[in-house]
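Here is a short briefing on the inside of a protein model: its packing, its enclosed spaces and its open pockets. Have a look at the structure first, then read on.

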Amino acid sequence: MSSGVPVDFVQVIERKRAPGARREARRSTAQNHRALEKLASIPRVSLIDAPSPVEELTRLRAALGGGPRLFVKRDDAIPFGFGGNKSRKLEPVLAAAVACGADTLVTVGGIQSNHARVTAAAAARLGWHCLLIINGTPQDRPTANAILDTLLGAEIEYIPSRNERRDAMSAAMERLRSQGKRPFEIPLGASTGLGASGFARAVGELLEQCEAPDFIVHATSSAGTQAGLVVGCALHGISTQVIGISADDPAGDIAAAAANIGQELGALLDLNVDLTLLDDMIVDDSFVGEGYGLPTAASKEAQTLAARTDVIFVDHTYTAKALAALIYHVRAGHFRDDDTVLFWHTGGQLGLFAQ
């Protein structure tokens, strides 16, 4: 696993500081306006009835000794299925499933997958069957998301490891079709161009609630959230720097995946422009620690600080490590006092009950 502070982080900050930096790349154009109209027209099954809140983290800022103004976009507070960022990505994906006459959702994830839980909830909302292909060993006593997957009526198939996901999905789709079902395959995290459109839309939601922040920090893994945020910022002509904090994989792998998803979304929106997606996909993998789902001293501190200052709960798998990164960089003085930094809380607080 990677360790240490990423050498390019300060360079990212300095690039943001450069006079006129990124203004040309971020300038809103007529093409962008057309793309925004097309984005708004993408069908979706509504899982989110109202914008998730934006709150200022005043007490956390004070606990850190000052620094930039800190905000949080609380997708953890989305009501549907215990919330989280996966609801945004599933809305347009579910509409595609409805359009093709599906009656079954099939997806993959780990035992405590937030995506699996929200997919199971979406299937229940639609009255459909759901098959979750879960890598890992069944728990003797199910906890957290694993409890809800069963409660929501999902069928669960266990496989030994992440490496078997692709083959297991293909076999499941074939088996379900042979049974007369009409399955719809949802990749890990619903991280496709279509799924990422949910987060491109979310940028518009954010801008209706507050001014564009200088930085957005969030947890990243399957890369769809980051791709959508970067494309959304580009479409709205804002210079916000999106920084993904890896929960598991190497930074280069996630950045490349996010760039590919962003390009797929660009094609969906008929954007024939260079969004410089590879340059924009900034991923910090130095807070993973010993591995996926394993807490670190920094993530434990972040959990405690967020809870005891602004009553924000973050899970040890994803969001605590992302918040730990934000806290580190604030303390290190990498942000200026006149910056605004928004932590996009992608949910997953149920993971606190999985230990």
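Buried means under 20% relative accessible area, exposed over 50%, and partly exposed in between, with a 1.4 Å probe and protein chains only. By that rule K73 is buried, with a relative accessible area of 0%.

Before going further, please keep in mind that this is a predicted model: local features need pLDDT of at least 70, side-chain atom pairs count only at pLDDT 80 or more, and totals for chains, interfaces and linings use all residues. Residues are numbered from 1 along each chain as its sequence is written, and side-chain values use heavy atoms, with hydrogens and water left out.

**A buried lysine**

- K73 sits in strand β2 (residues 69-74); helices (H or I, at least four residues) and strands (E, at least two) are DSSP runs, numbered from the N terminus.
- Its side chain makes a polar contact with the side chain of Q209 at 2.6 Å; such a contact is a pair of N or O atoms within 3.5 Å where, within protein, one must be able to donate a hydrogen and the other to accept it, and residues adjacent in sequence count only if both atoms are side-chain atoms.
- Leaving aside neighbours within four places in sequence, K73 is in contact (heavy atoms within 4.5 Å) with residues including S52, R88, E205, Q209, F343 and W344.

**Nonpolar cores**

- A nonpolar core is a set of buried Ala, Val, Leu, Ile, Met, Phe, Trp, Tyr and Cys residues joined through side-chain atoms within 4.5 Å.
- The largest one has 34 residues, and L39, L229, L235, L269, M281 and W344 have the most contacts inside it.
- At least two residues of this core come from each of α3 (30-41), α9 (193-207), α10 (224-235), α11 (251-268) and β10 (340-345), with α11 giving the largest share, seven residues.
- Beyond its neighbours within four places in sequence, L269 touches A35, K38, L39, I42 and L235.
- A second, separate core of 30 residues includes L70, I245, I327 and F343.

**Cavities**

- On a 1 Å grid over the protein atoms alone, a cavity is a set of points where a 1.4 Å probe fits but cannot get out, a pocket is an open set with protein on both sides within 12 Å along at least five of seven lines, and lining residues have an atom within 4 Å of a point.
- Grid points are joined across faces, edges and corners, and a volume is the space filled by probe spheres set on the points.
- Two cavities of 30 Å³ or more are present, and the largest has a volume of about 40 Å³.
- The lining of that largest cavity includes L57, D310 and F343, and helix α13 (residues 297-310) provides the largest share of it, three residues.
- The second largest cavity holds about 30 Å³ and is lined by I111, I134, A146, D149, I156 and Y158.

**Pockets**

- The largest pocket offers about 630 Å³ of space; of its 40 lining residues, Q112, S113, Y292, T317 and Y318 are the closest to the centre.
- Its lining has seven nonpolar, 26 polar and seven charged residues, where Ala, Val, Leu, Ile, Met, Phe, Trp, Tyr, Cys and Pro count as nonpolar, Asp, Glu, Lys and Arg as charged, and the others, Gly among them, as polar.
- The second largest pocket has a volume of about 520 Å³, and α8 gives the most to its lining, with four residues.
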